[in-house]
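Dear colleague,

Here is the structure that I promised to pass on to you. Please open it first, and then read my notes below beside it.

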Amino acid sequence: EISRNNSIELQKPLVAAHSLLVTGHRDFKAFSFSLSFMDIIDGMYSTVPTLISFGVLVGKMAPVQNVILVFMNVMAYALNYWICVYVIGAFDGTGGAVTTHVFGAFFGAACTAVASPKGAHLDPDCQGRYQSDIFSLFGSLMIWAYYPSYNSFYAPPEAQQAVAINTYLALLGSSIAGLTASAIFNGNLKLAIFDAQRSSIAGGVAIGSVANLIAEPWQATMIGAIGGVVCSFSGHFIRSFCVDRLGVHDTVGVMSMHGWPGLVGWLSGVFFLLPINQDFLTGDRQSKNLAYDLPWESVLQHREGNGDAAFAQAVIAPMTIAIALVTGITAGQISKKITHLDRHLLFKDDTFFHVPDDFEKAEVVYGDDDEEVAHLDDEKPLLENGHMNGDKMNGHMNGDAKDVAV
């Protein structure tokens, strides 16, 4: 028995890499794999922490380094999930706020801290562009629409509808609260595209814990709103602090969208499990608080009703962060020993890809009087919310500047 009160349902793998290996390995006895529709779904879910980690490193790693990081990320994710779910006995299976989002964010941050060249954030190609910012909003819209299905797939059948609705409400709360916070933090009541891209999704991350099974609609909305505010606050203040003081550069703001909102989801799960007792699990309180009979034996491994479930939930975030940092630093050191990119090759598509001729050179920008008003200089751009300061605000050029392709 791996943990007390371990249910038969939770002995079955819920996501990829429950064991110390990878998707499909079912036990520690024989080296055997299974391949089924559910295994394919499990494998798709196991790619999420890898994609999250890659967002921190994008543009700063060579392809061979990315291959190393992917393999190590999957193995570390498998180890962490096995410890959190099987050894500790916590529940993080509906949205993976901790084991997926927090792990992926901190693994990527640890990698970039040791493997990324210094001063990478000063590269002009690391800054936001108007066209790319606009296109990225389509991605945010797609995630917004499909996030409820992502969170509800592994929920018990009785709770899938509630989880989907709670996720939509959390996304709504984070969109409104995050953009409101963006206008306040900017100081001029203008919205930042950085916050529109990320805060609108942060609610889905924040509600992706055991809380989405038992939260009432207003509670789900509040959890999402807190996640949106935390995301915006991180993008405006914590991100620059990490770059200036810690030397950790997050290319696309992964910590803002996944790391800190994921910790909001973790705290929400602990908070909702604290009052759980036997009356709530088996008595009239379940029918009073929930509109459906939740099969607790499929959710909680610790069901004594004395705070044991909340304690197990409280342990998994420190455990996940510790494993992510150690394995992330190790992966970064190994990849750096193999190869690394020089600073002038960072964020350049033509380093490893064939690109059209009109994208091979930087653009020079002139005003109506044919005087150069802006150019890309390695020493001048300063990062703020993913965009360049000075005369370039939010990826746009001020004045009458016109782009002239060279």
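Phe135 is exposed, because its relative accessible area of 61% is above the 50% cut-off. This residue belongs to helix H4, and together with Tyr130, Ile134 and Phe138 it makes up a nonpolar patch on the surface, whose members have about 450 Å² of accessible area together. Please keep in mind that this is a predicted model.

Turning to the interior, the largest nonpolar core has 48 residues, and those that touch the most other members are Leu69, Phe103, Phe107, Cys111, Tyr147, Trp266 and Ile316. Several helices give two or more residues to this core, among them H1 (37-57), H4 (130-152) and H12 (308-338), while H3 gives the most, with 10 residues. If we leave aside residues up to four places away in sequence, Trp266 touches Val98, Gln313, Ala314, Ile316, Ala317 and Pro318. There is also a second, separate core of 29 residues, which includes Ala162, Ala211, Ala220 and Val264.

How far the predictor trusts each part is worth checking as you read. The protein chain has a mean pLDDT of 78, and 78% of its residues reach 70 or more. Among its elements, H9 has the highest mean pLDDT, at 94, whereas strand E7 (residues 402-404) has the lowest, at 37. The pLDDT is below 50 over residues 1-21, a stretch that has 65 contacts in the model beyond near neighbours in sequence. It also stays under 50 over residues 361-406, for which the model has 79 contacts beyond four places in sequence.

With best wishes

Methods:
Residues numbered from 1 in each chain as written. Predicted model: local features only at pLDDT ≥ 70, side-chain atom pairs only at ≥ 80, totals over all residues. Heavy atoms only, no water. Core = buried A, V, L, I, M, F, W, Y, C linked by side-chain atoms within 4.5 Å. Buried < 20%, exposed > 50% of the residue type's maximum accessible area, 1.4 Å probe, protein only. Helix = DSSP H or I, 4+ residues; strand = E, 2+ residues; numbered from the N terminus. Contact = heavy atoms within 4.5 Å. Patch = residues over 30% accessible without salt bridge, like charges linked within 9 Å, V, L, I, M, F, W, Y side chains within 5 Å. Areas by Shrake-Rupley, 256 points an atom, 1.4 Å probe, with all protein chains shown as cover. Salt bridge = Lys/Arg side-chain N within 4 Å of Asp/Glu carboxyl O. pLDDT = per-residue confidence, 0-100.
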